[in-house]
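Colleague: I want to see how each label on this model is earned. Take me through the terms one at a time.
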Amino acid sequence: MEASVDRIAEPWGARTPYARRAPWPVRVDTYLADGTTEADVQQWVRAASILHSDGDAMDIAVRDGRMVGVRGRADDRVNHGRLGPKDLFGWQANASTDRLTRPLVRENGHLVETDWATAMDRVVSRSKDLLRENGPGSIGFYTSGQLFLEEYYTLAVLARAGIGTNHLDGNTRMCTSTAAEALKETFGCDGQPGSYDDIDHADVVALFGHNVAETQPVQWMRILDRLEGGDPPRLLCVDPRPTAVARRAAVHLAPRGGTNLALLNALLHEIIRTDRIDHDYIEAHTVGFEELKTQVKECTPAWAAAICDVPAARIEEAAELLGGAERLLSTVLQGVYQSHQATASAVQVNNLHLLRGMLGRPGAGVLQMNGQPTAQNTRECGANGDLPGFRNWQNDDHVADLAKVWNVEPAQIPHYAPPTHAMQMFRYAEQGSLRMLWISGTNPAVSLPELARIRSILAQERLFVVAQDLFLTETAQLADVVLPAATWGEKTGTFTNADRTVHLSEKAVEPPGDAKPDLDIFLDYARRMDFRDKDDDPLVHWHDPESAFEAWKRCSAGRPCDYTGLTYDKLRGPSGIQWPCNDQAPDGTERLYTDGINWADPDYCEAYGKDLETGAAQEPVEYRSLNPDGKAMIKAASYTPPHERPDDRYPFHLTTGRTIYHFHTRTKTARAPQLNGAAPEVWVEVSSFDAGELGLTEGDLAEVSSPRGSLRARVRITDIRRGLLFVPFHYGYWDTAAGSGPDEKTPGRAANEATITDWDPASKQPLFKTAAAALTLVERGDGRAAPAPTATASAPARGAGSVPPTRGGAAAQVTQSDGGSWSTREENRR
């Protein structure tokens with residue numbers, strides 16, 4: 001049976017209920033361009049989603065050399081044929097008329113078109129001059145969470161062993177660095193212990209700061225189908241907003257911003273007090289339990305209630321749910337990661353699973369989730385600052401091993417200090433020691449905190465900026481050289497999702513104009529720079545995606561993220577294979593730690609850990625003395641308040657986040673008519689109580705301001721907790737509806753105008769959840785002027801207003817083969 005549905009109004013589609021431990025039924029979602037039928041499709045080309053971290057497998061429909069639609073892949077382990085709204089409609093951005101098709105260089109203050117030879121000569125000339133005059137520390141690379149594995153690995157090799165710089169990081173620093181750090185702190189190494197298949201087996205699913213309904217919508221479909229089937233799981237949702245997840249939760253905790261650690265310590269207090277712990281597992285597989293027990297001894301629900309503004313009885317109820325679970329699956333995302341005690345909080349979720357022995361079995365796992373589609377590859381390949389293959393920069397044997405793979409001297413690979421994180425790179429650029437910044441596939445002029453500062457850094461005359469992207473983004477507008485890149489569907493490569501599933505995405509159509517795959521751009525740079533190994537052979541010796549993948553396999557051999565059992569041909573077979581995949585696990589590995597903790601050994605681990613409260617690195621000798629047998633580490637931390645708190649002038653907490661209809665800074669999704677129509681403009685979410693206090697009504701134009709800047713947005717009144725403002729971060733300075741391009745002269749829509757330059761001490765992930773802010777009325781929704789400002793008004797108005805956000809948009813009919821029925825729910829429109 002086939003049915004059609006507007007997948008903007010009904011983003012999660014119809015239900016296909018199933019019972020616990022049963023396989024998730026198949027439902028194939030398809031969207032084809034108007035006037036196109038499946039009979040018109042000349043070729044289906046395999047790919048996977050590049051607009052979130054779920055890794056939904058799909059096939060691209062091609063007709064006459066053009067993309068004309070997509071369909072979900074029925075046999076894929078991740079999505080069983082389902083696609084979310086961004087999957088279904090985002091591909092249309094590839095054919096946008098404003099794609100970059102030729103390189104640009106800055107002449108007399110203006111960007112002008114040129115050829116590739118001229119553009120690359122400028123980049124190479126500046127690189128060589130800086131290396132000669134200022135050394136490798138003057139050059140930095142800031143990359144994405146959207147490139148392919150082969151591209152990240154090539155970038156890591158040319159940056160680390162070619163240039164010799166320590167300044168290499170990705171925008172995954174904004175979304176997933178805490179995931180990596182939390183896993184390293186607990187297990188000695190990155191790598192998700194759990195699997196999406198755990199949803200099929202869990203009796204309790206706990207989501208800590210993870211709005212899975214909007215960030216990984218296909219996995220929310222899976223949870224919804226379990227909720228409608230036999231023996232459904234019970235959900236715990238920790239989120240200050242009334243999300244779709246919160247509305248389906250058995251227990252919903254909405255803590256005050258910046259208090260996650262206090263809440264988690266109280267939950268652990270209750271788990272220990274009621275003896276809901278697995279003593280044998282703790283004894284056999286962990287170290288540090290007594291320290292945690294002492295730390296949380298006084299962290300009662302009543303104590304946490306006073307800090308978090310959550311009833312103590314609700315905390316006890318949540319602890320009872322967690323403590324009584326037979327198979328507990330926990331997920332963590334930005335609500336935890338983008339706060340001042342991010343790593344300390346995420347580690348407590350790991351602790352919960354160690355205390356309960358909930359690892360390595362179906363339904364018993366933890367997923368420290370990723371925010372971006374290829375964030376896992378950024379980390380594996382070392383493009384996030386760490387060494388490739390999860391090697392330990394403090395371990396000389398690991399550095400020597402990597403040097404052998406690359407055939408260079410160990411001293412050529414920077415390991416004299418911790419890798420430079422993104423926020424520090426921008427600080428070095430601000431101070432003048434970093435003189436060239438190559439930005440690939442990301443838009444920091446919208447996505448980083450305190451945007452006035454970021455714009456001023458990127459606009460410096462002394463900083464040479466290279467922007468490698470699809471469009472003339474807000475960042476590209478400030479660059480000295482702009483390189484037009486090919487994207488998903490226009491190039492071939494692999495990428496890995498949040499539960500370690502590897503997919504192959506193949507080229508379906510040609511890129512527009514002279515645009516090139518990112519891999520080709522990096523290979524061209526390496527050739528022009530003439531990087532050599534110690535035998536005077538080319539350092540980067542591969543020439544295409546498949547040969548780059550084979551080079552990566554050698555680098556991954558014997559390491560936790562072992563890809564040696566994978567090939568392009570194998571990835572064209574069964575859809576979705578989880579690493580490690582090698583001779584011992586030729587079909588991949590569904591779950592980690594099925595037989596204890598095996599990657600924390602002092603000679604093998606990726607990191608020796610940090611102090612969770614200060615970020616101070618632990619020395620190798622200290623790690624060996626505390627954990628000689630390589631067990632999982634139970635680490636405790638005490639709660640401290642956020643660095644910036646509301647006051648009389650800025651009485652609100654400001655938190656930023658995502659909507660299901662957009663990805664990152666909208667460079668792709670705003671060019672898809674259905675997605676842009678669903679959420680065309682920024683909004684500010686405010687509680688009904690606070691709206692009443694301020695005299696605000698739905699649709700009013702208001703200004704959100706902080707000590708750093710301000711933005712204007714239309715008001716949405718919801719059941720969000722009192723004292724909290726929510727603004728989606730996707731919106732920059734350009735307006736597709738008005739047909740205008742990026743325009744730095746009209747700021748005022750970007751949430752990050754108001755966020756703070758601060759970061760978690762361990763993961764170095766910036767804070768986007770706990771800024772202090774004020775909210776003032778600018779204009780009534782009907783166009784009437786606002787009354788005179790009150791004493792709570794703060795910074796003067798900046799920038800233009802915006803039109804009211806809509807929740808519908810153009811009809812977007814999607815075919816779904818599932819045998820189910822369609823239902824309309826008002827909650828799906830939120």
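Modeller: The model is predicted. Start with its largest cavity, which holds about 370 Å³ of space.

Colleague: Why is this space called a cavity?
Modeller: A cavity is a set of points where a 1.4 Å probe fits but cannot get out, so the label says that the space is closed to that probe. The search of the whole structure finds eight cavities of 30 Å³ or more.

Colleague: What makes a residue part of the lining of the largest cavity, and which are closest to its centre?
Modeller: A lining residue has an atom within 4 Å of a cavity point. For the largest cavity, 27 residues line the space, and G209, D239, P240, G335 and K769 are the closest to its centre. At least two lining residues come from each of α6 (212-215), α14 (334-337), β23 (652-657) and β27 (724-728).

Colleague: How does that lining divide by class?
Modeller: Into seven nonpolar, 14 polar and six charged residues. Gly counts as polar, so G209 and G335 fall in the polar class. Asp and Lys count as charged, so D239 and K769 are charged. Pro counts as nonpolar, so P240 is nonpolar.

Colleague: What lines the second largest cavity?
Modeller: Its volume is about 270 Å³. It has 25 lining residues, with G371, R658, F663, H664 and F729 the closest to its centre. α4 (172-175) and α6 each supply at least two residues of this lining. By class, the lining has seven nonpolar, 15 polar and three charged residues.

Colleague: Why are β19 and β20 called paired?
Modeller: Two strands pair if there are at least two bridges between them. Four bridges join β19 to β20 (residues 501-505), and the strands run antiparallel. Four meets the cut-off, so they pair. Within this pair, G493 stands opposite S505 in β20.

Colleague: What makes β19 and β21 edge strands?
Modeller: The open sheet has three strands in the order β19-β20-β21. β19 (493-496) and β21 (577-578) each pair on one side only.

Colleague: Which residues touch the most other members of the largest nonpolar core?
Modeller: F208 and Y525, in a core of 214 residues. Helix α3 (residues 149-163) gives the largest share, 10 residues.

Colleague: How do you know that F208 is buried?
Modeller: Members of a nonpolar core are buried residues, and F208 is a member, so F208 is buried. Buried means under 20% relative accessible area. Beyond its neighbours within four places in sequence, F208 has contacts that include L236, V238, L264, V332 and L352.

Definitions and conventions. Residues numbered from 1 in each chain as written. Predicted model: local features only at pLDDT ≥ 70, side-chain atom pairs only at ≥ 80, totals over all residues. Heavy atoms only, no water. 1 Å grid on protein atoms, 1.4 Å probe; cavity = no way out; pocket = protein on both sides within 12 Å on 5 of 7 lines; lining within 4 Å. Points joined across faces, edges and corners; volume = space filled by probe spheres on them. Core = buried A, V, L, I, M, F, W, Y, C linked by side-chain atoms within 4.5 Å. Buried < 20%, exposed > 50% of the residue type's maximum accessible area, 1.4 Å probe, protein only. Contact = heavy atoms within 4.5 Å.
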